[in-house]
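Here's a quick briefing to read with the model open in your viewer. It goes through charge pairs, enclosed space and a bit of surface, in that order.

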Amino acid sequence: MALSGKQIGAPGDLGSGEVDSAYAWLRLVLTLILGTVACVGNWSVVVLLPTLQIEFDTVRGGASLPYTCTMLGFAFGGVAMGRLADRVGIVLPVLLGAFLLCIGYVLAAFTSNIWQFAALSVVIGLGSAAGFAPLISDLSHWFRKHRALAVAFAASGSYLSGAVWPLIIEHFQATQGWRATHIGIGLFIPLVMVPIGLLLKRRVQTASYAQAEAATEAARNELGLKPNVLQAILVVAGFACCMAMSMPQVHIVAYCGDLGYGVAVGTQIIALMLGLGVVSRLASGVVADRIGAGPMLILGSSMQAAALLLYLFFDSRSSLYVISGLFGLFQGGIVPMYAVIIRQFLPPREAGIRISLVLMATVLGMACGGLAAGYIFDATGSYRLAFLHGFLWNIVNLVLVSWLIFGPKLRQWRREAIAS
(Lines give C-alpha, C1' and ligand atoms only; values in the text may rest on other atoms or scores of the structure.)
Protein backbone atom coordinates (compact mmCIF):
# COMPACT_ATOMS: atom_id res chain seq x y z
CA MET A 1 0.00 0.00 0.00
CA ALA A 2 1.43 3.39 -0.96
CA LEU A 3 1.56 6.18 1.57
CA SER A 4 -1.58 7.85 0.31
CA GLY A 5 -2.62 11.34 1.34
CA LYS A 6 -6.28 10.24 1.73
CA GLN A 7 -7.02 10.39 5.42
CA ILE A 8 -8.46 7.28 6.93
CA GLY A 9 -9.26 8.45 10.42
CA ALA A 10 -7.98 10.83 13.01
CA PRO A 11 -8.41 11.70 16.65
CA GLY A 12 -10.93 14.38 17.31
CA ASP A 13 -12.82 13.78 14.06
CA LEU A 14 -16.13 13.20 15.81
CA GLY A 15 -17.01 16.87 16.02
CA SER A 16 -18.03 17.10 12.36
CA GLY A 17 -19.32 20.62 12.88
CA GLU A 18 -15.89 21.72 14.03
CA VAL A 19 -13.55 19.82 11.72
CA ASP A 20 -12.86 21.71 8.46
CA SER A 21 -15.15 24.49 9.75
CA ALA A 22 -14.75 28.26 9.37
CA TYR A 23 -13.35 28.32 12.90
CA ALA A 24 -10.78 25.70 11.92
CA TRP A 25 -9.54 27.99 9.13
CA LEU A 26 -9.40 30.94 11.53
CA ARG A 27 -7.40 28.78 13.90
CA LEU A 28 -5.05 27.97 11.01
CA VAL A 29 -4.36 31.69 10.46
CA LEU A 30 -3.70 32.24 14.18
CA THR A 31 -1.41 29.22 14.21
CA LEU A 32 0.57 30.60 11.26
CA ILE A 33 1.06 33.94 13.05
CA LEU A 34 2.17 32.21 16.24
CA GLY A 35 4.68 30.03 14.39
CA THR A 36 6.10 33.03 12.53
CA VAL A 37 6.71 34.94 15.75
CA ALA A 38 7.84 32.06 17.97
CA CYS A 39 10.34 30.58 15.51
CA VAL A 40 12.47 33.73 15.49
CA GLY A 41 14.97 31.79 17.60
CA ASN A 42 15.78 29.50 14.68
CA TRP A 43 16.92 32.35 12.46
CA SER A 44 18.26 35.20 14.57
CA VAL A 45 21.40 33.21 15.38
CA VAL A 46 21.95 32.49 11.66
CA VAL A 47 22.05 36.21 10.87
CA LEU A 48 24.25 36.81 13.90
CA LEU A 49 26.80 34.07 13.13
CA PRO A 50 29.51 36.27 11.53
CA THR A 51 29.01 38.92 14.25
CA LEU A 52 29.36 36.34 17.03
CA GLN A 53 32.59 35.05 15.50
CA ILE A 54 34.09 38.54 15.74
CA GLU A 55 32.40 39.61 19.00
CA PHE A 56 33.55 36.57 20.97
CA ASP A 57 36.80 35.94 19.05
CA THR A 58 36.08 32.35 18.02
CA VAL A 59 36.37 30.12 14.96
CA ARG A 60 33.51 29.36 12.56
CA GLY A 61 32.74 26.09 14.31
CA GLY A 62 32.62 27.85 17.67
CA ALA A 63 30.33 30.54 16.29
CA SER A 64 28.03 27.77 15.04
CA LEU A 65 27.65 26.39 18.58
CA PRO A 66 24.78 28.74 19.59
CA TYR A 67 22.80 27.58 16.57
CA THR A 68 23.32 23.96 17.59
CA CYS A 69 22.26 24.77 21.15
CA THR A 70 19.17 26.55 19.88
CA MET A 71 18.24 23.53 17.80
CA LEU A 72 18.81 21.17 20.73
CA GLY A 73 16.47 23.25 22.87
CA PHE A 74 14.02 23.40 19.98
CA ALA A 75 14.15 19.64 19.46
CA PHE A 76 13.69 18.47 23.04
CA GLY A 77 11.36 21.34 23.83
CA GLY A 78 9.13 20.25 20.95
CA VAL A 79 8.71 16.78 22.46
CA ALA A 80 8.02 18.13 25.96
CA MET A 81 5.58 20.76 24.73
CA GLY A 82 3.93 18.34 22.32
CA ARG A 83 3.28 15.98 25.21
CA LEU A 84 1.99 18.89 27.29
CA ALA A 85 -0.34 19.99 24.48
CA ASP A 86 -1.76 16.45 24.26
CA ARG A 87 -2.68 16.61 27.93
CA VAL A 88 -3.82 20.18 28.57
CA GLY A 89 -4.21 21.82 25.16
CA ILE A 90 -2.07 24.26 23.23
CA VAL A 91 -2.52 27.40 25.37
CA LEU A 92 -0.07 26.54 28.16
CA PRO A 93 2.78 25.59 25.75
CA VAL A 94 2.30 28.89 23.90
CA LEU A 95 2.39 30.95 27.09
CA LEU A 96 5.40 29.04 28.36
CA GLY A 97 7.16 29.56 25.03
CA ALA A 98 6.53 33.32 25.17
CA PHE A 99 8.04 33.49 28.66
CA LEU A 100 11.15 31.51 27.73
CA LEU A 101 11.76 33.56 24.58
CA CYS A 102 11.45 36.82 26.52
CA ILE A 103 13.89 35.68 29.20
CA GLY A 104 16.32 34.08 26.72
CA TYR A 105 16.61 37.07 24.39
CA VAL A 106 16.88 39.72 27.09
CA LEU A 107 19.54 37.85 29.06
CA ALA A 108 21.48 36.93 25.87
CA ALA A 109 22.00 40.65 25.28
CA PHE A 110 24.17 40.81 28.41
CA THR A 111 26.45 37.83 27.71
CA SER A 112 30.22 38.26 27.61
CA ASN A 113 31.37 35.03 25.94
CA ILE A 114 30.22 32.42 23.45
CA TRP A 115 29.46 29.85 26.16
CA GLN A 116 27.02 32.11 27.97
CA PHE A 117 25.35 32.99 24.68
CA ALA A 118 25.16 29.30 23.73
CA ALA A 119 23.58 28.39 27.09
CA LEU A 120 20.87 31.02 26.65
CA SER A 121 20.39 29.81 23.09
CA VAL A 122 19.06 26.58 24.62
CA VAL A 123 16.44 28.63 26.46
CA ILE A 124 15.54 30.44 23.25
CA GLY A 125 15.24 27.12 21.45
CA LEU A 126 12.94 25.77 24.17
CA GLY A 127 10.71 28.81 23.76
CA SER A 128 10.65 28.62 19.97
CA ALA A 129 9.61 24.97 20.20
CA ALA A 130 6.11 26.12 21.16
CA GLY A 131 5.74 27.49 17.63
CA PHE A 132 6.36 24.27 15.71
CA ALA A 133 5.57 20.65 16.66
CA PRO A 134 2.81 21.41 19.22
CA LEU A 135 1.05 23.74 16.77
CA ILE A 136 1.27 21.18 13.95
CA SER A 137 -0.15 18.44 16.15
CA ASP A 138 -2.93 20.69 17.48
CA LEU A 139 -4.01 21.96 14.06
CA SER A 140 -4.07 18.47 12.55
CA HIS A 141 -7.05 17.65 14.81
CA TRP A 142 -9.13 20.41 13.23
CA PHE A 143 -8.92 19.16 9.63
CA ARG A 144 -9.75 15.95 7.79
CA LYS A 145 -10.32 16.68 4.10
CA HIS A 146 -7.52 19.26 3.88
CA ARG A 147 -5.26 17.87 6.59
CA ALA A 148 -2.05 17.87 4.52
CA LEU A 149 -2.62 21.50 3.56
CA ALA A 150 -3.39 22.42 7.19
CA VAL A 151 -0.25 20.69 8.46
CA ALA A 152 1.78 22.45 5.76
CA PHE A 153 0.33 25.79 6.88
CA ALA A 154 1.23 25.09 10.51
CA ALA A 155 4.76 24.10 9.52
CA SER A 156 5.10 27.19 7.32
CA GLY A 157 5.31 29.48 10.33
CA SER A 158 8.94 28.41 10.78
CA TYR A 159 9.83 29.31 7.19
CA LEU A 160 7.79 32.51 7.13
CA SER A 161 9.71 33.42 10.25
CA GLY A 162 12.93 32.81 8.32
CA ALA A 163 11.71 35.01 5.47
CA VAL A 164 10.73 37.94 7.70
CA TRP A 165 12.92 37.98 10.80
CA PRO A 166 16.42 37.96 9.19
CA LEU A 167 15.64 41.18 7.32
CA ILE A 168 14.31 42.84 10.47
CA ILE A 169 17.21 41.63 12.60
CA GLU A 170 19.85 42.67 10.06
CA HIS A 171 18.35 46.18 9.87
CA PHE A 172 18.28 46.72 13.63
CA GLN A 173 21.62 45.00 14.14
CA ALA A 174 23.21 47.45 11.71
CA THR A 175 21.51 50.51 13.23
CA GLN A 176 21.14 49.65 16.92
CA GLY A 177 23.58 46.79 17.53
CA TRP A 178 22.85 43.14 18.15
CA ARG A 179 22.43 43.49 21.92
CA ALA A 180 19.71 46.13 21.71
CA THR A 181 18.07 44.10 18.96
CA HIS A 182 17.91 41.06 21.23
CA ILE A 183 16.28 43.06 24.00
CA GLY A 184 13.72 44.42 21.54
CA ILE A 185 12.86 40.90 20.30
CA GLY A 186 12.51 39.64 23.86
CA LEU A 187 10.04 42.38 24.78
CA PHE A 188 8.06 42.17 21.53
CA ILE A 189 7.36 38.43 21.46
CA PRO A 190 5.06 38.14 24.52
CA LEU A 191 2.98 41.08 23.24
CA VAL A 192 2.00 38.93 20.25
CA MET A 193 2.10 35.36 21.53
CA VAL A 194 0.15 35.76 24.78
CA PRO A 195 -3.10 37.26 23.37
CA ILE A 196 -3.12 34.96 20.34
CA GLY A 197 -2.39 31.92 22.49
CA LEU A 198 -5.38 32.74 24.70
CA LEU A 199 -7.62 32.73 21.61
CA LEU A 200 -6.83 29.02 21.11
CA LYS A 201 -8.52 27.77 24.30
CA ARG A 202 -11.23 25.92 22.38
CA ARG A 203 -10.56 22.21 21.85
CA VAL A 204 -12.02 19.59 19.51
CA GLN A 205 -14.50 17.31 21.25
CA THR A 206 -13.07 13.77 21.34
CA ALA A 207 -15.66 11.25 22.58
CA SER A 208 -13.90 8.22 21.13
CA TYR A 209 -10.80 7.22 19.19
CA ALA A 210 -11.90 3.66 18.44
CA GLN A 211 -12.88 4.14 14.80
CA ALA A 212 -9.77 6.16 13.99
CA GLU A 213 -7.51 3.66 15.71
CA ALA A 214 -9.06 0.76 13.82
CA ALA A 215 -8.58 2.55 10.51
CA THR A 216 -4.93 3.43 11.13
CA GLU A 217 -4.21 -0.09 12.33
CA ALA A 218 -5.71 -1.55 9.14
CA ALA A 219 -3.63 0.80 6.99
CA ARG A 220 -0.50 -0.03 8.94
CA ASN A 221 -1.13 -3.77 8.56
CA GLU A 222 -1.29 -3.32 4.79
CA LEU A 223 1.96 -1.39 5.01
CA GLY A 224 3.44 -4.38 6.83
CA LEU A 225 5.26 -2.45 9.54
CA LYS A 226 4.83 -2.31 13.30
CA PRO A 227 4.24 1.18 14.80
CA ASN A 228 7.66 1.54 16.37
CA VAL A 229 9.43 0.27 13.24
CA LEU A 230 7.66 2.86 11.09
CA GLN A 231 8.40 5.48 13.74
CA ALA A 232 12.11 4.58 13.72
CA ILE A 233 12.31 4.78 9.91
CA LEU A 234 10.68 8.22 9.93
CA VAL A 235 13.01 9.41 12.70
CA VAL A 236 16.16 8.38 10.80
CA ALA A 237 14.81 9.73 7.51
CA GLY A 238 13.93 13.04 9.17
CA PHE A 239 17.38 13.35 10.72
CA ALA A 240 19.09 12.60 7.40
CA CYS A 241 17.06 15.04 5.31
CA CYS A 242 17.77 17.89 7.73
CA MET A 243 21.48 17.09 7.97
CA ALA A 244 21.40 17.88 4.27
CA MET A 245 19.03 20.84 4.58
CA SER A 246 21.07 22.61 7.24
CA MET A 247 24.12 23.47 5.13
CA PRO A 248 22.55 26.23 3.00
CA GLN A 249 20.14 27.42 5.67
CA VAL A 250 22.67 27.80 8.48
CA HIS A 251 25.77 28.93 6.59
CA ILE A 252 24.55 30.86 3.54
CA VAL A 253 25.04 34.23 5.29
CA ALA A 254 28.60 33.36 6.32
CA TYR A 255 29.25 31.80 2.89
CA CYS A 256 28.26 35.01 1.13
CA GLY A 257 30.53 36.96 3.47
CA ASP A 258 33.46 34.66 2.64
CA LEU A 259 32.83 35.15 -1.08
CA GLY A 260 32.97 38.91 -0.63
CA TYR A 261 29.27 39.58 -1.26
CA GLY A 262 28.59 40.76 2.29
CA VAL A 263 26.28 39.77 5.12
CA ALA A 264 23.40 41.85 3.72
CA VAL A 265 23.39 39.81 0.50
CA GLY A 266 23.44 36.58 2.49
CA THR A 267 20.49 37.82 4.56
CA GLN A 268 18.53 38.63 1.40
CA ILE A 269 19.31 35.19 0.00
CA ILE A 270 18.16 33.32 3.10
CA ALA A 271 14.99 35.42 3.19
CA LEU A 272 14.36 34.50 -0.46
CA MET A 273 15.10 30.83 0.25
CA LEU A 274 12.72 30.62 3.18
CA GLY A 275 10.05 32.78 1.58
CA LEU A 276 9.93 30.36 -1.34
CA GLY A 277 10.05 27.57 1.23
CA VAL A 278 6.67 28.82 2.48
CA VAL A 279 5.33 28.61 -1.08
CA SER A 280 6.76 25.12 -1.33
CA ARG A 281 5.15 23.98 1.92
CA LEU A 282 1.71 25.22 0.97
CA ALA A 283 1.95 23.79 -2.54
CA SER A 284 3.13 20.46 -1.18
CA GLY A 285 0.10 20.32 1.09
CA VAL A 286 -2.24 20.82 -1.86
CA VAL A 287 -0.41 18.21 -3.92
CA ALA A 288 -0.17 15.69 -1.05
CA ASP A 289 -3.93 15.87 -0.52
CA ARG A 290 -4.19 14.55 -4.10
CA ILE A 291 -1.25 12.21 -4.72
CA GLY A 292 -0.35 11.21 -1.16
CA ALA A 293 2.22 12.28 1.41
CA GLY A 294 4.65 9.49 0.48
CA PRO A 295 5.09 10.42 -3.19
CA MET A 296 5.33 14.09 -2.19
CA LEU A 297 8.07 13.22 0.30
CA ILE A 298 10.22 11.37 -2.22
CA LEU A 299 9.71 14.14 -4.79
CA GLY A 300 10.86 16.81 -2.34
CA SER A 301 13.88 14.77 -1.24
CA SER A 302 14.98 14.18 -4.85
CA MET A 303 14.75 17.86 -5.76
CA GLN A 304 16.60 18.92 -2.61
CA ALA A 305 19.47 16.61 -3.57
CA ALA A 306 19.60 18.21 -7.02
CA ALA A 307 19.78 21.72 -5.54
CA LEU A 308 22.63 20.73 -3.20
CA LEU A 309 24.63 19.50 -6.17
CA LEU A 310 24.19 22.87 -7.89
CA TYR A 311 25.91 24.62 -4.95
CA LEU A 312 29.04 22.57 -5.72
CA PHE A 313 29.42 24.05 -9.18
CA PHE A 314 28.15 27.64 -9.00
CA ASP A 315 29.02 30.41 -6.55
CA SER A 316 28.50 33.74 -8.36
CA ARG A 317 26.15 36.18 -6.67
CA SER A 318 23.39 35.75 -9.25
CA SER A 319 23.69 31.97 -9.25
CA LEU A 320 23.43 31.86 -5.44
CA TYR A 321 20.16 33.78 -5.62
CA VAL A 322 18.81 31.36 -8.23
CA ILE A 323 20.05 28.15 -6.57
CA SER A 324 18.89 29.24 -3.11
CA GLY A 325 15.49 30.11 -4.53
CA LEU A 326 15.29 26.67 -6.11
CA PHE A 327 16.47 25.08 -2.88
CA GLY A 328 13.65 26.81 -1.00
CA LEU A 329 11.09 25.65 -3.56
CA PHE A 330 12.43 22.08 -3.57
CA GLN A 331 12.82 21.32 0.13
CA GLY A 332 10.05 23.27 1.83
CA GLY A 333 7.48 20.50 1.59
CA ILE A 334 9.57 17.68 3.05
CA VAL A 335 9.12 18.05 6.81
CA PRO A 336 5.30 18.45 6.91
CA MET A 337 4.89 15.15 5.06
CA TYR A 338 6.27 13.22 8.04
CA ALA A 339 3.44 14.57 10.20
CA VAL A 340 0.82 13.64 7.60
CA ILE A 341 2.19 10.09 7.35
CA ILE A 342 2.15 9.74 11.13
CA ARG A 343 -1.48 10.84 11.33
CA GLN A 344 -2.40 8.29 8.67
CA PHE A 345 -0.52 5.23 9.89
CA LEU A 346 0.27 5.57 13.60
CA PRO A 347 -2.07 5.42 16.63
CA PRO A 348 -4.12 8.63 16.83
CA ARG A 349 -3.97 8.79 20.63
CA GLU A 350 -0.18 9.10 20.30
CA ALA A 351 -0.17 11.64 17.47
CA GLY A 352 1.25 14.51 19.50
CA ILE A 353 4.23 12.68 20.92
CA ARG A 354 4.96 10.74 17.72
CA ILE A 355 4.88 13.84 15.52
CA SER A 356 7.08 15.64 18.03
CA LEU A 357 9.62 12.80 18.07
CA VAL A 358 10.03 12.83 14.28
CA LEU A 359 10.19 16.62 14.18
CA MET A 360 12.75 16.45 17.00
CA ALA A 361 14.86 14.25 14.74
CA THR A 362 14.61 16.81 11.93
CA VAL A 363 15.68 19.59 14.28
CA LEU A 364 18.58 17.52 15.60
CA GLY A 365 19.58 16.97 11.99
CA MET A 366 19.61 20.74 11.48
CA ALA A 367 21.63 21.20 14.66
CA CYS A 368 24.22 18.52 13.88
CA GLY A 369 24.41 19.46 10.22
CA GLY A 370 24.98 23.13 10.96
CA LEU A 371 27.73 22.31 13.45
CA ALA A 372 29.35 19.73 11.14
CA ALA A 373 29.42 22.20 8.25
CA GLY A 374 31.15 24.76 10.46
CA TYR A 375 33.90 22.35 11.47
CA ILE A 376 34.28 21.05 7.90
CA PHE A 377 34.87 24.65 6.86
CA ASP A 378 37.44 25.13 9.64
CA ALA A 379 39.26 21.96 8.56
CA THR A 380 39.26 22.65 4.81
CA GLY A 381 38.89 26.43 4.48
CA SER A 382 35.99 25.85 2.09
CA TYR A 383 32.32 24.96 2.12
CA ARG A 384 32.68 22.63 -0.88
CA LEU A 385 33.03 19.46 1.19
CA ALA A 386 30.26 20.69 3.50
CA PHE A 387 27.84 20.80 0.56
CA LEU A 388 28.99 17.32 -0.50
CA HIS A 389 28.52 16.10 3.06
CA GLY A 390 24.92 17.37 2.97
CA PHE A 391 24.29 15.70 -0.39
CA LEU A 392 25.39 12.30 0.95
CA TRP A 393 23.00 12.59 3.89
CA ASN A 394 20.27 13.45 1.40
CA ILE A 395 20.95 10.18 -0.41
CA VAL A 396 20.45 8.33 2.88
CA ASN A 397 17.06 10.01 3.26
CA LEU A 398 16.11 9.24 -0.34
CA VAL A 399 16.94 5.55 0.06
CA LEU A 400 14.87 5.28 3.24
CA VAL A 401 11.77 7.04 1.97
CA SER A 402 11.93 5.19 -1.35
CA TRP A 403 12.04 1.86 0.50
CA LEU A 404 9.14 2.98 2.68
CA ILE A 405 7.04 3.98 -0.32
CA PHE A 406 7.89 1.20 -2.74
CA GLY A 407 8.71 -1.58 -0.26
CA PRO A 408 5.11 -2.79 0.22
CA LYS A 409 4.58 -3.10 -3.54
CA LEU A 410 7.86 -4.94 -3.98
CA ARG A 411 6.95 -7.36 -1.22
CA GLN A 412 3.54 -7.92 -2.78
CA TRP A 413 5.06 -8.60 -6.20
CA ARG A 414 7.51 -11.02 -4.60
CA ARG A 415 4.69 -12.92 -2.87
CA GLU A 416 2.70 -13.08 -6.11
CA ALA A 417 5.75 -14.30 -8.02
CA ILE A 418 6.39 -17.05 -5.47
CA ALA A 419 2.70 -18.04 -5.47
CA SER A 420 2.66 -18.28 -9.26
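At 27% relative accessibility, what does R179 count as: buried, partly exposed or exposed? The answer is partly exposed, because 27% sits between the 20% and 50% cut-offs. Keep in mind that this is a predicted model. R179 is a good way in, since its side chain meets that of E55 in a salt bridge.

**Salt bridges**

- Searching the whole structure turns up 2 salt bridges.
- In the E55–R179 pair, the N to O distance is 2.9 Å. E55 sits in helix 2 and R179 in helix 8 (residues 178–198), so this contact ties together parts 124 residues apart in sequence.
- E55, like its partner, is partly exposed: its relative accessibility is 38%, and that of R179 is 27%.
- R27 and D138 also join their side chains in a salt bridge, at 3.1 Å from N to O. Here the link runs from helix 1 (residues 22–38) to helix 6 (residues 133–140), so parts 111 residues apart in sequence are tied together.
- Both R27 and D138 are buried, while E55 counts as partly exposed because its 38% is above the 20% limit for buried and below the 50% one for exposed.
- As a general reminder, side chains of opposite charge can pair when their charged atoms come close.

**Cavities**

- Rolling a water-sized probe over the atoms is a way to show where empty space is left.
- Over the whole structure, the search gives 3 cavities of 30 Å³ or more, and the largest has a volume of about 160 Å³.
- That largest cavity has 16 lining residues, and N42, F132, S158, Y159 and M366 are the ones nearest its centre.
- By type, its lining splits into 11 nonpolar residues, 4 polar and 1 charged.
- Several helices contribute: helix 2 (40–55), helix 3 (60–88), helix 7 (147–176), helix 10 (227–258) and helix 15 (351–380) each put at least two residues into the lining of the largest cavity.
- Helix 2 therefore turns up under two headings, as it holds E55 of the salt bridge to R179 and supplies part of that lining.

**Surface patch**

- On the surface, L96, F99, I103 and L107 make up a nonpolar patch, and their accessible area together is about 340 Å².
- One of these, I103, is found in helix 4 (residues 91–108).
- I103 counts as partly exposed because its relative accessibility is 33%.

Key: Residues numbered from 1 in each chain as written. Predicted model: local features only at pLDDT ≥ 70, side-chain atom pairs only at ≥ 80, totals over all residues. Heavy atoms only, no water. 1 Å grid on protein atoms, 1.4 Å probe; cavity = no way out; pocket = protein on both sides within 12 Å on 5 of 7 lines; lining within 4 Å. Points joined across faces, edges and corners; volume = space filled by probe spheres on them. Helix = DSSP H or I, 4+ residues; strand = E, 2+ residues; numbered from the N terminus. Nonpolar A, V, L, I, M, F, W, Y, C, P; charged D, E, K, R; others polar. Patch = residues over 30% accessible without salt bridge, like charges linked within 9 Å, V, L, I, M, F, W, Y side chains within 5 Å. Areas by Shrake-Rupley, 256 points an atom, 1.4 Å probe, with all protein chains shown as cover. Salt bridge = Lys/Arg side-chain N within 4 Å of Asp/Glu carboxyl O. Buried < 20%, exposed > 50% of the residue type's maximum accessible area, 1.4 Å probe, protein only.
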